[in-house]
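Here is my note for anyone opening this structure fresh. I go through the ligands and then the cavities, point by point.

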Amino acid sequence: MSDTHQHSIRFVRESMLPEQEPPATERGVIKWMRENMFSNIPNGILTLIALYAVYAILSGLLPWLLNGIWDAPSIRACREILDGQTGGCFAVLTERWNQLLFGFKYPNHLYWRPTVAFVLLFVAIAPVLFYNTFPRQMLIFTALYPFVAYWLIWGGSILVPIFALVGFGVGYIVYSKYVAQSFAMGFFGGIAGALVTWWLTGMIPVEGVLAMEAVPSRDMGGFMLNLILGTVCVSLSIPFGIALALGRQSDMPFIKWICVVFIEFIRGVPLITLLFVASVVLAYFLPPGTNFDLILRVIIMITMFASAYIAEVIRGGLAALPKGQYEAADSLGLDYAQSMRLIILPQALKISIPGIVNVAVGLFKDTTLVSVISMFDLVGMIRGPILASTEWNGVYWELLGFASFLFFITCYGISQYSQWLERQLNTDHR
Amino acid sequence: ATLDDVKARGKLNCGVTTGLVGFAAPDANGEWDGFDVGVCRAVAAAVLGDPAAVEFVPTTGKTRFTALASGEIDMLARNTTWTFSRDTDLKFDFVGVNYYDGQGFMVPKALGVSSAKELDGATVCIQTGTTTELNLADFFRSNNMEYTPVPIETNAEAQQQYLAGACDVYTTDASGLAATRAAFEAPGDHVVLPEIVSKEPLGPLVRHGDNDWGDIVRWTLNALIAAEELGVTSANIEELSAGTDNPEINRLLGTEGNLGEMIGLDAGWGKAAIAAGGNYGELFEKNIGENTPIALSRGLNAQWTDGGLLYAPPFR
Amino acid sequence: MTTLSDPPRESFRLSMLLNDTRYRSYTFQFIALLCVIALFSFLGYNLVKNLQAAGLNISYKFLGETSNYDINQTLIDYSSQSTHWRAAVVGVLNTLLVAFLACVTATIIGVVAGVLRLSKNWLISKLMAVYVEAFRNVPVLIWIIIIFTVMTAVLPQPRDFRGENATASMWFDAVAFTNRGVYIPKPVLESGGMAVVIVFLLSIVGVFAYRRYATKLLYATGKMLPTGWPTLAILFVPALLTYFVLGKPISLEMPVLAGFNFKGGINILGSLIALWFALAIYTGAFIAENVRAGIQAVSRGQTEAAASLGLRPGRIMNLVILPQALRVIIPPLISNYLNITKNSSLAIAVGYMDITGTLGGITLNQTGRAIEAILLLMAFYLAISLAISFIMNIYNSKMKLKER
Amino acid sequence: MTEAAQTQMTVSDEVAISIEKMNKWYGTFHVLRDIDLTVYRGERIVIAGPSGSGKSTLIRCINALEEHQRGRITVDGTVLSSDLKNIDKIRSEVGMCFQHFNLFPHLTILENCTLAPIWVRKTPKKEAEETAMHFLEKVKIPDQANKYPGQLSGGQQQRVAIARSLCMRPRIMLFDEPTSALDPEMIKEVLDTMVELAEEGMTMLCVTHEMGFARQVANRVIFMDQGQIVEQNEPEEFFNNPQNERTKLFLSQILGH
Amino acid sequence: MTEAAQTQMTVSDEVAISIEKMNKWYGTFHVLRDIDLTVYRGERIVIAGPSGSGKSTLIRCINALEEHQRGRITVDGTVLSSDLKNIDKIRSEVGMCFQHFNLFPHLTILENCTLAPIWVRKTPKKEAEETAMHFLEKVKIPDQANKYPGQLSGGQQQRVAIARSLCMRPRIMLFDEPTSALDPEMIKEVLDTMVELAEEGMTMLCVTHEMGFARQVANRVIFMDQGQIVEQNEPEEFFNNPQNERTKLFLSQILGH
Ligand SMILES: Nc1ncnc2c1ncn2[C@@H]1O[C@H](COP(=O)(O)OP(=O)(O)OP(=O)(O)O)[C@@H](O)[C@H]1O
Ligand SMILES: Nc1ncnc2c1ncn2[C@@H]1O[C@H](COP(=O)(O)OP(=O)(O)OP(=O)(O)O)[C@@H](O)[C@H]1O
Ligand SMILES: NC(=O)CC[C@H](N)C(=O)O
Ligand SMILES: [Mg+2]
Ligand SMILES: [Mg+2]
């Protein structure tokens, strides 16, 4: 700068310099390419390799996808149409669409029922997932949803879910009546109330009253089975997870010990062995003559499995709460149940939601393991009836690709949601 | 008791294979059909009067026994071999034999193998949890040959692996081989080797301990066999049930005596069982007989009167 | 103000069981104890009842009986005349083998993918993101099946290698990819072969010794020895020398097509490969995320501070970034290893004979000892996972950063 | 506040809290030793003492947030025992205000204030809200009623915490360093609120080092050290003429600061 | 420090850093515009300016932590180019001290200080440790040598950071707001250390808003705005008699505060 004197170091700028365009190397595609892809030689080589990999994948995949046959009765017909060209036999998807989604035993004319239940699932789950956006009243529907969905999917008399609901209602009424005196009294009273109601209503013959055609559990299959197992087990495991987490935090050594043993045991064994237990040995532990169907046993096992994992997530949430919250609640005179329900859990659960969602994604993926104990979920359908059938013996890629695609869509969607939620929670007002 | 459970439920839970054409397989509509299925339907007809009142539970070689033991199914009709240990140690009751079989080997013709003794070093597909798995080990050991087992859960998987060439040989009951081969695109490219390396008497079984129920299943099976011997077919059964001069037929069809009462069923149980899918011979012909793609000949499974082993005890 | 008394000793009333903090927790624990006892006696009673009805009992005698079945991959001597117990041990070893292989591979894949995902190269980092998301969000069972399908349905059969117009051929006459697995040459030690192996093992020790010496020298005198080529030299030169001096005592047994299959060499079963790679690639995606998070957890300031001290990028990585990132990476890494071990039980989907395949599969079915077999199976996995989490706790407490 | 104001505050002869030979251990560590203290209704007591001397522990024992092992605490005629009924009774008589406010972040200010009345006192919601608004007005933040704690400044939060305690209409208030987590400007707001409370005759025990506050409001200052009450006196006397060596040392530090 | 002390610090005619028409862009954003600056050996320069004016960027360019796109930077006679050799040379001449200290948390204080001398300067470990202890004594924390950074207070950490740089025996020190992450008491410790350095004649460029420090130590204050040097002068003149409007505004804010 000419006017910077070396001896008198004073310098004052009279007019500000304008902003200038950056040099060409700092601009546009060239800069971007240079910086992001060819910044040095190894990087350039990597880029070329990556480009080749992309090319190789796409050149294999695209013709196969674009040239696919969507309409053919069997793999042979499909290959004839293709006549030696690359292309996928996606006809298997159209042909067996319903089987892939609903399994091969769910009555065809009833497909609308699970479909409706599936659509309603979103209505029910929306107020939970986007608790800021949707009105609280929608939670009422969420609470009713399990009963509606049960009735839609399994059919039978509407009285069954209604009685179940009534049982919960009675349980809740008893609970809220006695909880004021003591939590334990309310809790066990509630359970007793519900059980008594169920026992009483169980004696009322409901056969055929306002009934839809009943579908037995063993007829569930396909992706529907994965969804049922996923949603049912995750939602059931949340209350159990909460109970286990609270138990593990408890200062009563025996209760704590039970919870620790349970959680560590479940987390220490693979889900498959638990499924074996469900399919092979659980029956030995039930009263002679009780005849749970397999799906129910599997639900019990997966729920136990998921609760252990969710308990650990929630324990993290509980630990993240400052001790002052517990003390403030105590000093206001709230009892244990009240302070848990009103103060601690709402906060702890909110912190835990992303973790719970992650567990849910993992669990949903793990529902495919039921195919190992020969249940016909999506993977089971593909590996069993469809690939074994004379018409479609050998269409691996289309089917496995489709299954991957379905799972990817769902799981990726959920995990994106959980990331969004984490960001949301980070910027939450506090 | 199982009988009461079944009646209360209005449905018979019958364990079958996950899919073996000719023995038990669902068609595109999910309707089960086959030789073993026929036995299930006959029992359902005898007990409930309705051959359609069956819930078929597909089981693998591995899951079948637990399913039966845990009460998930009332009976198992799944080409299961009657063996000493299954009968005594696993505590099941085999009620009879509906197919006298033996273990065979299937290889692609292209391999040029003509005897099982030439299989040294082969890779063998084998269903786990079966007798054939154990026989296989014995056979190769006693012939001083080596092999690599490829353990597999279901026949369908075995078929895929075998066709993909993941194993050179597929071994199971000869009937199963024939049925599997029949489902191939080109059955002619595969041969079943002449050796039969074991006895595999296949029959329905029930849980040990409920003898009344066992009797029902046993005598339903016997009724099917006896019907063939006595010439009772689904075509003439209506006519014969009006009364014949053969007292055994009359007792079988319930027009004479009180056999039904003795096993706690109504008098027409035998008629219903036979009418469900025809007598033993009809079931055989329809599902696995020579005119089906599976093309099994009666062989050992002919009536004793024809030099076979089928011999129903007297209905008296 | 001077009157003294302890809180009045009230006489015990029944209501104190519920209302008095001193007794209340005992009450609850007692109730819980009763519930647990009730539950277990209920289950136990049913079990006894059911077993009685079925005429069964609980007994581990079956473990001593001959198994009568064969296993396609055995790391120890085993035949159909061995006991079920030995079959279970074979299964355990197979589990550990596939878990070990998958852990190593997953770590390599995960570290590479995690580091590349942070690369400034847009294309590479996006590709890695696709890899991570694609594999994390699809069930591992599907990946196992897909890879197994590639193994069985896409690769050529051994007989395709045969004859005039073979449709497949071996790589360098040494490696064959077939749908039954991969055949690779097997080193055969002749007399003196052991010496070469020992020399090689010693060289490995030597490399560590050299590196330690180099650091020591640096600390003592400031002289820095090169590490790159000396490492290679120490590693290979002595072994090669002994190899040639002793007259090539190690030869390779090449797989050759004989009879139905390739004979000789080492056969890596298709089911092992499927399980191994599926677990590795699937878990690798999770590890990649851990690695990324670990590296990102080391703030940019650390790099800058190190750079402004004049450290070169390679050294910054070794001396500053990695030691810090590893603390973040290793705990989740270990639990990923645990997951691999547990997920290896999916072997059953492809017929790999791990512990679930032998003890929990064939043994269970042939003997009908479901309860016993499954209890043993669970005990095995439980033992592994407890052992691993024990190690992890030690590591965590050792590596915790010192803070105020 | 003037001398006149101070004399307005009446101290009755009725005992609000009496503590007799109370001892407490944490494990083997003897935190409180033979504490004897009688608080009369309407008294305003300031507790001072060096860090770790057991001030918080003393306060928390009165509220049964901590258990004491020996001696007897009587609050409003109820003997504090391990009987839950008694504990509940005492807690609803005694309001407590923490250093870190401990508001419930997931509830609005109003909900924070109505929670305990509704669930513990079984007050109808409407009534509870009216009471809450009344006390929020008293601490001069009625307009914040529908905000969340996170949206308030520290001083406002502490005032909400006071209002929340008051909504239970306690007869005794305990304060544990209510201003020490606050910025200087906010301290004043909170102290003002406390002075007002004092003027209304609320029985107050307050752990604080705000000596100005002590002079202005307290009718007794208690000095604790090593788990014991070392000196107690009227504020003027206490500050001007401390007797115990430790008290002198402490005061010299705190006032010189 | 007295006037006498200040005059002790000598400024030679030797150029330590010279920056000529340096320009830098972040993407299309023009952060540094036509920067011209010559620093003589022994000079102590304070750089001030509003947030976002490019102070940090300027400092970081000198150390090659950021690339500049146009113009020339010469440090100690070495022209800064993308040649790695030059960059290494310059970095070992120039010490840098960050706002957030950036100590290596997995190494003890002593290891932090010896790492670079050992690996970059190839100093034997023993010697490096002696040097390190020397500088740790200088910043008055020799007794912390075997602790980990996490166990020290912020002020101590910053002093370690300075010692760490000094261990490389740089001829120039760059400071980027070294005190702005510290509590008031700790600021003093760190500033004292820096003053001492200055007294020893170290060439220093320091981004700071501690105007007291600037007055006491600097022989030139540079004011930057919008990526440009807007004004520079001797401290007394700069504070008492700013010329540029922006400088005036800035000073009025900063001194009024
Ligand atoms: N939960 C605890 N377990 C063990 N010791 C404790 C516990 N809580 C407090 N202490 C110890 O009891 C002593 C008194 O603690 P207390 O909190 O009552 O002091 P204080 O007078 O309130 O001090 P401060 O002015 O720092 O709040 C301290 O030495 C403290 O270390
Ligand atoms: N990596 C970057 N990419 C893009 N813009 C950047 C980057 N780093 C800094 N900037 C921008 O460059 C400008 C100058 O940043 P710089 O950090 O040098 O400011 P500063 O004067 O040090 O401010 P402060 O006093 O806040 O530290 C700012 O507007 C900033 O937003
Ligand atoms: N292949 C089969 O499914 C049955 C095999 C054999 N008959 C058995 O009972 O074990
Ligand atoms: Mg305190
Ligand atoms: Mg800056």
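1. Let's begin at ligand 3, where a polar backbone atom of Thr131(B) sits 2.8 Å from an oxygen atom of the ligand. That is a polar contact, meaning a pair of N or O atoms within 3.5 Å (within protein, one must be able to donate a hydrogen and the other to accept it, and residues adjacent in sequence count only if both atoms are side-chain atoms). Side chains join in too: an N or O atom of Arg86(B) is 2.9 Å from an oxygen atom of ligand 3, and a polar side-chain atom of Thr172(B) is 2.9 Å from a nitrogen atom of ligand 3. On its own ligand 3 exposes 300 Å², and the protein buries 97% of that. Such areas come from the Shrake-Rupley method with a 1.4 Å probe; for residues, only the protein chains shown count as cover.

2. Before going on, the ground rules: this is a predicted model, where local features need pLDDT of at least 70 and side-chain atom pairs count only at pLDDT 80 or more, while totals for chains, interfaces and linings use all residues. Residues are numbered from 1 along each chain as its sequence is written, chains are lettered from A and ligands numbered from 1 in the order in which they are written, and side-chain values use heavy atoms, with hydrogens and water left out.

3. Who else is around ligand 3? There are 13 residues in its surroundings, and the closest are Arg78(B), Thr81(B), Arg86(B), Thr131(B) and Asp173(B). A residue counts here if one of its heavy atoms lies within 4 Å of the molecule. Strands E11 (169-173) and E13 (200-202) of chain B each supply at least two residues of this shell; helices (H or I, at least four residues) and strands (E, at least two) are DSSP runs, numbered from the N terminus. By class, the shell has 1 nonpolar, 7 polar and 5 charged residues. Ala, Val, Leu, Ile, Met, Phe, Trp, Tyr, Cys and Pro count as nonpolar, Asp, Glu, Lys and Arg as charged, and the others, Gly among them, as polar.

4. Next, ligand 1 in chain D. Its surroundings include Tyr26(D), Phe29(D), Lys55(D) and Glu177(D). A polar side-chain atom of Tyr26(D) lies 3.4 Å from a nitrogen atom of the ligand, a polar backbone atom of Gly54(D) is 3.0 Å from an oxygen atom of ligand 1, and a polar side-chain atom of Lys55(D) is 2.9 Å from an oxygen atom of ligand 1. Alone, ligand 1 exposes 630 Å², of which the protein buries 58%. Strand E2 (29-40) and helix H2 (55-62) of chain D are the elements giving two or more residues to the shell, with H2(D) providing the largest share, 3 residues.

5. A word on chain D from the record: UniProt, in an unreviewed entry, places the feature "domain: ABC transporter" at residues 17-251. UniProt positions follow the numbering used here, feature names are shortened, and annotations may be inferred rather than shown by experiment. In the model, that span is 39% helix and 26% strand, and its end C-alpha atoms lie 27 Å apart.

6. Now ligand 2, in chain E. Among the residues surrounding it are Tyr26(E), Val31(E), Pro50(E) and Thr57(E). An oxygen atom of ligand 2 is 2.8 Å from a polar backbone atom of Gly52(E), and a backbone N or O atom of Ser53(E) is 3.2 Å from an oxygen atom of the ligand. Lys55(E) brings a polar side-chain atom to 2.8 Å from an oxygen atom of ligand 2. The protein covers 58% of the 630 Å² of accessible area that ligand 2 has on its own. H2(E) gives the most to this shell, with 3 residues.

7. Finally, the cavities. The structure holds 13 of 30 Å³ or more, and the largest has a volume of about 360 Å³. Its 25 lining residues have Leu294(A), Ser374(A), Met375(A), Val57(B) and Glu72(B) closest to the centre. On a 1 Å grid over the protein atoms alone, a cavity is a set of points where a 1.4 Å probe fits but cannot get out, and lining residues have an atom within 4 Å of a point. Grid points are joined across faces, edges and corners, and a volume is the space filled by probe spheres set on the points.

Definitions and conventions:
1 Å grid on protein atoms, 1.4 Å probe; cavity = no way out; pocket = protein on both sides within 12 Å on 5 of 7 lines; lining within 4 Å.
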